[in-house]
Amino acid sequence: MDFTIQNNKDTRSGFGEGLLEAGRRNPKVVAFCADLTGSLKMGDFAKEFPERFFQTGIAEANMINMAAGMALSGFVPFTGTFAAFSTGRVYDQVRQSVAYSNKNVKIAASHAGVTLGEDGATHQILEDIGLMKMLPNMTVIVPCDFNQTKNATIAAAEYDGPVYLRFGRPKVPNFTPVDEKFVIGKAQMLQEGTDVTIFACGHLVWKAVLALPILKMMGVNAELINIHTIKPLDVEAVLKSVRKTRCVVTAEEHQRNGGLGDSIAQVLALNDPCPMEMVAVNDEFGQSGTPDELLKAYHLDTPDIVEAVKKVVARK
Amino acid sequence: MTINELERIASQVRRDIIRMVHGCQSGHPGGSLGATDIVTALYFDQMQIDPANFRMDGNGEDMFFLSNGHISPMFYSILARRGYFPVSELATFRRLGTRLQGHPTTAEGLPGVRIASGSLGQGLSVAVGAAQAKRLNGDKHLVFVLMGDGEQEEGQIWEAAMYAPAKGVDNLVAIIDYNKKQIDGSTDDVLNLGDLRAKYEAFGWNVIEMSGNNMQAVVNTLKFARENAFQGKPQLILAHTEMGMGVDFMMGTHKWHGSAPNDEQAANALSQLTETLGDY
């Protein structure tokens, strides 16, 4: 993988562009938004397809169920609000009317994790991946940059079934190929290595990319794999890598409980146990601050990944 | 269909309800009996539907959603009697492996059910979404949804109640099964609903009241609602019903909301309900 930074862009803008493109490709794509059109970057879709855009007001439960009702008739509804209000606030609606009823609803969730920043812990959900991956029928996607979020949005629209699509607020390095086809459930090999496997998702993928040259200087040849689809997990790719490297670090902007690391740990424990370290939030809520300050404060930064690698390699 | 024919079907549906709930010794007979006349009139007379060719998308036909999913025995009996699936399957209600789950679901592929319900307060929103889909499709059919009155205590109902008039969703007919009882007692005691008519009117709905256990009144009201569709406003029918209607000892109390009759009680109940179409 070429790690050249093409530009710095927010993943939510990748969603906005992806939604517009999906809407152009398929007239059945519709969008609902609970009073966060600007934040979710859904304005271009709303402008181009006003009859297919539904402003619901600040009423997320109603939004989720209306989307389920509309999906019945063959439409492909996206719902847009912050991740906190896309999951915890509407869990029962998502569980009964989307997941259990297996409706073709795409839950687009922005401002996930501590990198939402100054708004603080009420809005910085760190439990959403766990909540969503526990639901049968639900696909959970956490793309890492602008291009990948755009491509994942297009893939979600083409996929038949409930999808939770998680992205964020800050501008981050955009480095994945512009028009790379996003394959749901297929892990993305970013760098092959032999000494340790780093499985990362979302904003932490770039933090892990930055760890690679540091690790190389330390004499550690790390493999980096982007697990952009938490569920269904690419178990084959995980086991294949681990057979080679024999130790694992996971990195995510989420609680340790219920997140990517938890999914990887399950695969390892059941199939091929080996030393593992998790870079994740450890059972606490976030707080106000800038995204960079918060990533440091909650030990979700590049130095934390490097430390975790040192620790896990020593455990081999 | 004549009123007499509809009443005869309703009597058989009520027998089915008693037999289903008695058969598995669980379920919700009270509300099922009370709402029977409304849903019988919808499925056998008023809705434009094609039971032999059930389509999940509901395109080109009227759609019905049961928001208060616990009155599933009534829903299942009417779906079966209308031809969505074999009447004999009613005997499997709530038994392991059945398509007739305690609350309606789509997971087992039961024809006639389009979405799960059970957790209350969601059906009105689903119906609004389905109604908007019909508008996008240029489909001039109606969407009906039945809700409980206790269910009006759920906050989400009022999100949908605010949305539908604000967006002019006028191909929607919502019905409240207004029996004034819920599982813990009367709605007045549990959480007073206040003036439901005034509340919905204040939200911008056309509100119609009807006697929900008088078949002629039900048919007339549903006809009226269809004639008044597509005039800019959603419609709400406040259906005054009696929980347990048709079985004397189940009426006038909330006690039969969610409990099953024993052998003697079931025999007593069935002696009050004429078998008209043949028991399953």
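Me: Where in chain A is A:Asn102 found, and why does this residue count as buried?

Reply: In this predicted model, A:Asn102 is found in the loop between α5 (91–100) and β5 of chain A. A residue is called buried if 20 or more other C-beta atoms lie within 10 Å of its own, and A:Asn102, with 20 C-beta neighbours inside 10 Å, therefore counts as buried.

Me: What is to be said of the phi of A:Asn102?

Reply: A:Asn102 has a positive phi of about 50 degrees, although it is not a glycine. Most residues other than glycine have a negative phi.

Me: B:Gln25 has a positive phi too, of about 55 degrees, and is not a glycine either; is B:Gln25 buried or exposed, and how do you know?

Reply: B:Gln25 is found in the loop between α1 (3–24) and α2 (29–46) of chain B. The cut-off for an exposed residue is 12 or fewer other C-beta atoms within 10 Å, and B:Gln25 has 12 C-beta neighbours inside 10 Å, so B:Gln25 counts as exposed.

Me: What makes the peptide bond from A:Lys231 to A:Pro232 cis, and where is the place of A:Pro232?

Reply: The omega of the bond from A:Lys231 to A:Pro232 is near 0 degrees, and the bond is cis. Most peptide bonds are trans. The place of A:Pro232 is in the loop between β12 (229–231) and α9 (235–245) of chain A.

Me: How do you know that the span of helix α1 of chain A is close to the expected one?

Reply: Helix α1 of chain A, residues 11–25, has 15 residues, and the expected span is 1.5 Å times one less than the number of residues. That expectation comes to 21 Å, and the helix reaches 21 Å from its first C-alpha to its last.

Me: Why is α1(A) called mostly covered, and which elements do its buried residues pack against?

Reply: Of the 15 residues of α1(A), 11 are buried, among them A:Arg12, A:Phe15, A:Glu17, A:Leu19 and A:Leu20. These buried residues of α1(A) pack against β1 (7–10), β2 (29–33), α2 (43–48), β4 (76–82), β5 (106–110) and α7 (146–158) of chain A.

Me: How is chain A divided into domains, and what is there between them?

Reply: Chain A is divided into domain 1 (11–174) and domain 2 (188–311), and the C-alpha centres of these two domains of chain A lie 25 Å apart. In the contact between them, 28 residues of domain 1 of chain A meet 30 residues of domain 2 of chain A. On the side of domain 1 that touches domain 2, the elements of chain A that give two or more residues are α6 (128–133), β6 (139–141), α7 and β8 (171–174). By class, that side of domain 1 of chain A has 14 nonpolar, nine polar and five charged residues.

Me: Why is chain B called as compact as a globular protein of its length?

Reply: Chain B has nine helices and seven strands. Its radius of gyration is 17 Å, close to the 19 Å that the globule rule gives for 280 residues, so chain B is as compact as a globular protein of that length. Buried residues make up 52% of the 280 residues in chain B.

Me: What makes strand β3 of chain B largely enclosed?

Reply: Seven of the seven residues of β3(B), residues 172–178, are buried, so this strand is largely enclosed by the rest of the structure. Both faces are covered, with B:Leu172, B:Ala174, B:Ile176 and B:Tyr178 buried on one side and B:Val173, B:Ile175 and B:Asp177 buried on the other.

Me: How do you know that β2(B) and β3(B) pair?

Reply: Pairing requires at least two bridges between two strands, and β2 (143–148) of chain B and β3(B) pair over six bridges, in the parallel sense. In β3(B), the bridge partner of B:Leu146 is B:Ile175.

Me: Why is B:Trp256 called buried, and which residues is B:Trp256 in contact with, leaving aside its neighbours within four places in sequence?

Reply: The cut-off is 20 or more other C-beta atoms within 10 Å, and B:Trp256 has 25, so B:Trp256 is buried. Its place is in the loop between β7 (235–240) and α9 (263–271) of chain B. Leaving aside those neighbours, B:Trp256 is in contact with B:Pro29, B:Gly30, B:Gly244 and B:Met250.

Methods: Residues numbered from 1 in each chain as written. Chains lettered and ligands numbered in written order. Predicted model: local features only at pLDDT ≥ 70, side-chain atom pairs only at ≥ 80, totals over all residues. Helix = DSSP H or I, 4+ residues; strand = E, 2+ residues; numbered from the N terminus. Contact = placed C-beta atoms within 7 Å. Domains from an automatic or database assignment. Nonpolar A, V, L, I, M, F, W, Y, C, P; charged D, E, K, R; others polar. Rg over C-alpha atoms; globule rule 2.2 N^0.38 Å.
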